[in-house]
Amino acid sequence: MPISIIEFETIDSTNTYGLKHFDELEDKTVITALEQTKGRGRFDRVWVSGRFENIYMSFILKPSKLTRIANLTQYLCAAAAKVIETYGVSTQIKYPNDVLVDGKKICGILCESKLKTNAIQGVVLGIGVNLNTPQEVIDSIDRPATSLNLATGKHIDRYLFLNKLVEEFFSNYEKAIHEGFSAFEEDYLKRTEFLGKKIFIQQRDNSQKDECTALRLDKNGNLIVKTLSGKEKTILSGDLIL
Ligand code: BTN
């Protein structure tokens, strides 16, 4: 379980705070906020972070075995999907770490490494889950998005969700750190619907969209695709367009 949960009313970003104060924060500290003024997503995108009783949270993690860090985002993604499903909705995972409901994004994860003279000291693993975002705010997001209140027709208790997520995350955390992808492969794979399908990979500059077929995940959780020229390729970065 976490060492402590630190909650802010307003903060720029729980990830930014975690990186800035990394040295003084203990391993397994959880930082949360009711709202973020500069919520950040992957590829320098903005993460809509108003005071909507949503989850804006970052785990400060300093595991001694750092080789499997790449899988922590996928592990948190599967944990979040499981918790969302306890509200009676089904989820899909979009590689590497978005959770979707009805094909629309409900949860995103941003993992940032803390480096000291090129060595990784640990990570700040941030997660945002739309629990009670109003419809008009969802409509203003430039990509398909949803919120758990809209999917269930009910207001979601933020503290209950937060506690469930923290508990779920730490229930198998040590195993995920030591064993990597195989520790949670089944939970992850059963929610992926893109395997076998035609997809596009877009790099961070939003320029090129490369068409390919999603084949499988390898034993480390990396996506293997078949390119248009018939070659197999491992996708280590980029965004999937389904
Ligand atoms: C993405 O899908 O692009 C990742 C979104 C991550 C959002 C969370 S909210 C808590 C933490 N603080 C941030 O500024 N970002 C992450």
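Q: What makes up the lining of the largest cavity, by class?
A: This is a predicted model. In it, the lining of the largest cavity has four nonpolar, one polar and three charged residues. The lining residues are Tyr75, Ala78, Ala79, Lys82, Glu168, Asn172, Phe184 and Asp187. Lys counts as charged, as do Glu and Asp. Asn falls among the polar ones, while Tyr, Ala and Phe count as nonpolar.

Q: Which element gives the largest share of the lining of the largest cavity?
A: Helix α2 does, with four residues. The volume of this cavity is about 40 Å³. The structure has one cavity of 30 Å³ or more.

Q: How do you know what span the residues of helix α2 should have?
A: Use the rise of 1.5 Å a residue. The expected span is 1.5 Å times one less than the number of residues. Helix α2 covers residues 72–85, which is 14 residues, so it should span 20 Å. Its end C-alpha atoms are 20 Å apart, and that agrees.

Q: Why is α2 called largely enclosed by the rest of the structure?
A: A residue is buried when its relative accessible area is under 20%. Twelve of the 14 residues of α2 are buried, so the rest of the structure largely encloses this helix. Among the buried ones are Leu72, Tyr75, Leu76, Cys77, Val83 and Ile84. Ala78, Ala79, Ala80 and Ala81 are buried too.

Q: How many disulfides does the structure hold?
A: It holds zero disulfides. Cysteine 107 is in none, and the nearest cysteine sulfur, that of cysteine 77, lies 6.3 Å away. A disulfide needs the two sulfur atoms within 2.5 Å, so a pair at 6.3 Å does not count.

Q: Why is cysteine 111 without a bond to the closest cysteine sulfur?
A: The closest cysteine sulfur belongs to cysteine 77, and it is 12 Å from that of cysteine 111. That is too far for a bond.

Q: Is cysteine 107 buried or exposed?
A: The cut-off for buried is under 20%. Cysteine 107 has 0% relative accessibility, so it counts as buried.

Q: What makes cysteine 111 buried, partly exposed or exposed?
A: Its relative accessible area is 27%. Partly exposed runs between the buried cut-off of 20% and the exposed cut-off of 50%. Cysteine 111 is therefore partly exposed.

Q: What is the volume of the largest pocket, and where do its lining residues come from?
A: The volume is about 810 Å³. The lining has 36 residues, and Arg45, Trp47, Asp98, Lys105 and Arg143 lie nearest the centre. Several elements supply at least two residues each, including α1 (14–20), β3 (55–61) and β7 (119–129). Strand β6 gives the most, with four. Domain 1 (5–189) and domain 2 (198–241) each provide at least three lining residues. By class, the lining divides into 15 nonpolar, twelve polar and nine charged residues.

Q: What is the volume of the second largest pocket?
A: It is about 680 Å³. Of the 30 residues that line this pocket, the closest to the centre are Arg42, Thr73, Pro96, Asn97 and Leu236. Both α2 and β6 supply at least two lining residues. Strand β6 gives the most, with five. The lining divides into eleven nonpolar, 13 polar and six charged residues.

Q: Where does the second largest pocket lie?
A: Domain 1 (5–189) and domain 2 (198–241) both give residues to its lining. The pocket therefore lies between them.

Q: What makes the peptide bond that joins tyrosine 95 and proline 96 cis or trans?
A: Look at omega, which is about 0 degrees: the bond is cis. Most peptide bonds are trans. Proline 96 sits in the loop between β4 (92–94) and β5.

Q: What is the phi of aspartate 44?
A: It is positive, about 60 degrees, although aspartate 44 is not a glycine. Most residues other than glycine have a negative phi. Aspartate 44 belongs to the loop between β2 (29–36) and β3. Exposed means over 50%. Aspartate 44 has a relative accessible area of 70%, so it is exposed.

Q: What is the phi of threonine 117, and where is this residue found?
A: Phi is positive here, about 35 degrees, although threonine 117 is not a glycine. The residue is in the loop between β6 and β7. At 80% relative accessibility, threonine 117 passes the 50% cut-off and therefore counts as exposed.

Key. Residues are numbered from 1 along each chain as its sequence is written. This is a predicted model: local features need pLDDT of at least 70, side-chain atom pairs count only at pLDDT 80 or more; totals for chains, interfaces and linings use all residues. Side-chain values use heavy atoms; hydrogens and water are left out. Buried means under 20% relative accessible area, exposed over 50%, partly exposed in between (1.4 Å probe, protein chains only). On a 1 Å grid over the protein atoms alone, a cavity is a set of points where a 1.4 Å probe fits but cannot get out, and a pocket is an open set with protein on both sides within 12 Å along at least five of seven lines; lining residues have an atom within 4 Å of a point. Grid points are joined across faces, edges and corners, and a volume is the space filled by probe spheres set on the points. Domain bounds come from an automatic or database domain assignment.
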